[in-house]
Amino acid sequence: MIVCRSPKRTLSVLLTFFVSTLFAQRSQIITIESQHNVIALQVGNDLRVSTAYFGTKLKDTSEYRFVRPMYKRGDDYSGILNSAYTPAGSRNLVEPAIEVTHANGNTSLDLHFVSSAVEKTDANVSVTTILLRDSAYALEVSLFFKVYYKEDVVEQWAVIKNKEKGNVTLQKFASANLYLTADQYWLKQFHGDWAKEMQPEETRLTAGIKVLDSKLGTRSHLYQPPTFMVSLDKPATEDEGKVLLGQLEWSGNFKVDLEVDPLNNLRLIAGINPFASEYALKPNQQFETPAFVFTFSDKGTGEASRNLHRWARNYKLYDGKGSRMTLLNNWEATFFNFDEPILAGLLKDTKKLGVDLFLLDDGWFGNNYPRNNDRAGLGDWQENVKKLPHGVGFLVKEAQNNGVKFGIWVEPEMVNPKSDLYVKHPEWVIKQPNREEHLYRNQLVLDLSNPKVQDFVFGILDNLFTKNPDLAFIKWDCNAVIYNAYSSFLEKQSHLYVDYVKGLYKVLDRVRAKYPTVEMMLCSGGGGRVDYGALKYFNEFWLSDNTDPLERIFIQYEYSYFYPAISHSNHVTDWGKQPLKYRTDVAMMGKLGFDIVVSKLSPKDLEFAQKAVKTYDTIKNIVWHGDLYRLADPRENSYASLMYVNESKDSAVMFNYITSNRYGNGSLSPIRLKGLDAGKKYKVREINIYEEPRVGKRPNNSYSGDYLMTVGYNPGVSANRMSVVLQIEEAR
Ligand code: DGJ
């Protein structure tokens, strides 16, 4: 993969300046520092680079020079177990970060320090680069550490350059190779499946290697996201303990190796999954890995996730500091069964509800193979003339006539065998030439490693926008995994998994370059593909098809460790048996949407929903841009509670939900609030009330931040008051 710098990037590089460059010097410490943390790398006497220290900064930063490589029974382990980027095939016998076959077939690699440089982009962001070179072969590796100082976040990646005369093959090419020291290591991973995303599991890491990985290709995070936490010494809690939150920013196959080594240190190697993916580099070609992003806190998961949220909003999530549209989606309301009159009615309902946009879901396209169910039509992106005789354009205009915006669903990476596209371009489909097709949701994946397919996929969006410039929102779905991985375009089949994702990103780059203001939702049959590699292009993501509010609280709670609320698309649907108020309160803790039949709401429910949309407008900026404090974990209590606080700490909103209906459950004692200003006085007011007078409504007292954070406030959630939303405003 050749890395081309875009003109924009070149300009930004010109604007940056080198603060320092260090050349091969033995026995030196290179520190990579953020506000509270440091990675201290040691260049040994033998010029191998190892991690001397990782974690909270020492008070006296000059003391890193005392940190020495480790010895055990006379053996020098330095640069082996704690190598900053462990090469395979020489003296390292542990899990490697990089494994290559040189042009002459030799499989050894031994990397030595050449130089390091720090490039400062602005007061907050800097990139440290460490250049390593093999002692016998013309192969170079540059390690990049991009530090977001205030947020305590680091993105780490590698660029591997073939300067040999022939082809080099990369067998493993990790993004990061960290080395952590503690008495114990506790891994919190998240497994799942359709409608069961983000099921947490925390276990102690024992000697040996624990692997988190995916081999699904697309929808790659269905069973396991590339997202995890590692606590040092003991499991971190919300407010205590040392914890690393990490993720590979990659929407394809990934692999994270967590190896407790013979010295009881933790070797953490994260990168693209090398499974079936060896990658050939021609002379002078280089391979840039995706970034592994992580943050570390010695004050628990709360601070760590707030840091990650700030980083995401400021630097990664598409338009993270911007605004979002509330919407009415028709998936659950109609599934595939709609036509123009039904949609015209739904557009009126959108206005009636008071949300900003109507989102037309799956089923609007395909003529020879109409998309009336999920068995046909995918790939044929022309409006179905029976359902939409006047096209999408008519609906966009109709939306405008109703004073709302219009958005549309696409699943551009996929094809049903029952489609014109499949008949016309069988060579664009990923499938083994000599094997029976194996379908997932009756569909196959298009080969995005092929530039012609990239053009086709870009063209789907481009056509929609060219014909309908006022289209305001895209829901981009991806419902299948890659079976029978084979590309009739690629010479080297082992490039498919990697080039697929690169192809996808190329398309998304083009979409964003041409349509920067369109809001886009990332969806993959629920949350089957959620990572910051993709969220660079998307404003929000669909967490799960499971919208039963009780289930959803748990799913939203776990996602909240890694993604800010502004990115969570939460819809009120008819899943679950809970009242509309509860369903709405749950959806409000992220970006609110609806997927209900508005015309079937009772007058009272309709009135409540309309008021709720208006209430949401008054709190959305705190939810979207404020700091999140988790107050009560539903896995440890019979209720869940969390709050968002704005930057100036004069406004906050607290969400409380009962999660178990057993007699006597509920918040019997006050819940301690967090993140307020102890010295300020606050008014606590219940909002989003279904019907006045609210049973058990409290007087409007004022409390100091000190009181609310020390004694707490009892929201009084119970079987009768299943959810309570409180607005906390500075009393002036
Ligand atoms: C899966 C998504 O998660 C749903 O929200 C819906 O868009 C369907 N696909 C449509 O086929």
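What follows walks through a predicted model, from its ligand to its barrel, sheets and a couple of loop residues. Residues are numbered from 1 along each chain as its sequence is written, and side-chain values use heavy atoms, with hydrogens and water left out. Since this is a prediction, local features need pLDDT of at least 70 and side-chain atom pairs count only at pLDDT 80 or more, while totals for chains, interfaces and linings use all residues.

The ligand comes first. It has 13 residues around it, and the closest are Asp361, Asp362, Lys475, Asp477 and Asp545; a residue is near a molecule or strand if one of its heavy atoms lies within 4 Å of it. By type, this shell splits into 4 nonpolar, 3 polar and 6 charged residues. Here Ala, Val, Leu, Ile, Met, Phe, Trp, Tyr, Cys and Pro count as nonpolar, Asp, Glu, Lys and Arg as charged, and the others, Gly among them, as polar.

Some of these neighbours make polar contacts, meaning pairs of N or O atoms within 3.5 Å (within protein, one must be able to donate a hydrogen and the other to accept it, and residues adjacent in sequence count only if both atoms are side-chain atoms). In Asp361, a side-chain N or O atom sits 2.7 Å from an oxygen atom of the ligand. Lys475 has a polar side-chain atom 2.8 Å from a ligand oxygen. For Asp477, the partner of the polar side-chain atom is a nitrogen atom of the ligand, at 2.7 Å. On its own the ligand would expose 290 Å², and the protein buries 98% of that. Such accessible areas come from the Shrake-Rupley method with a 1.4 Å probe; for residues, only the protein chains shown count as cover.

Next up is the barrel. Helices (H or I, at least four residues) and strands (E, at least two) are DSSP runs, numbered from the N terminus, and two strands pair if DSSP finds at least two bridges between them. Going round in the order E23-E24-E25-E28-E29-E30-E31-E32, 8 strands close into a barrel with parallel pairing. On average, neighbouring strands here are turned by 30° against each other, direction ignored; axes are lines fitted to C-alpha atoms, for helices over the stretch in contact, and angles run from 0 to 180 degrees between N-to-C directions. As one piece of the barrel pairing, E31 (residues 568-572) and E32 (residues 591-594) share 4 bridges in the parallel sense, and Ser569 has Lys591 in E32 as its bridge partner.

Two loop residues are worth a look. His495 is in the loop between strand E28 (471-476) and helix H8 (496-514). With a relative accessible area of 10%, His495 is buried, where buried means under 20% relative accessible area, exposed over 50%, and partly exposed in between (1.4 Å probe, protein chains only). A polar atom of the His495 side chain lies 2.9 Å from the backbone nitrogen of Ala280. Gly526 belongs to the loop between strand E29 (519-522) and helix H9 (532-535), and it counts as buried because its relative accessibility is 1%. The C-alpha atoms of Gly526 and Leu178 are 32 Å from each other, with their positions 348 residues apart along the chain.

The open sheet looks quite unlike a closed ring on paper: 3 strands line up as E2-E3-E4, with antiparallel pairing. Its edges are E2 (28-33) and E4 (49-56), each pairing on one side only, and neighbouring strands are turned by 20° on average, direction ignored. E2 meets E3 (residues 37-43) over 6 antiparallel bridges, with Gln42 in E3 as the bridge partner of Ile29.

Finally, two strands are mostly covered. In E22 (residues 292-297), 6 of 6 residues are buried: Phe292, Phe294 and Phe296 point one way, and Val293, Thr295 and Ser297 the other. E22 runs antiparallel to E11 (residues 153-162), with 4 bridges joining them, and also to E17 (residues 242-248), with 6 bridges. Across these pairings, Val154 partners Phe294, while Leu245 stands opposite Thr295. In E19 (residues 265-272), 8 of 8 residues are buried. E19 pairs antiparallel with E12 (residues 168-181) over 7 bridges, and 7 bridges also join it to E18 (residues 254-260), again antiparallel. Tyr179 has Arg267 as its bridge partner, and Val256 has Ala270. The hairpin of E18 and E19 has 4 residues between the strands, and Asn264 there takes a positive phi near 60°.
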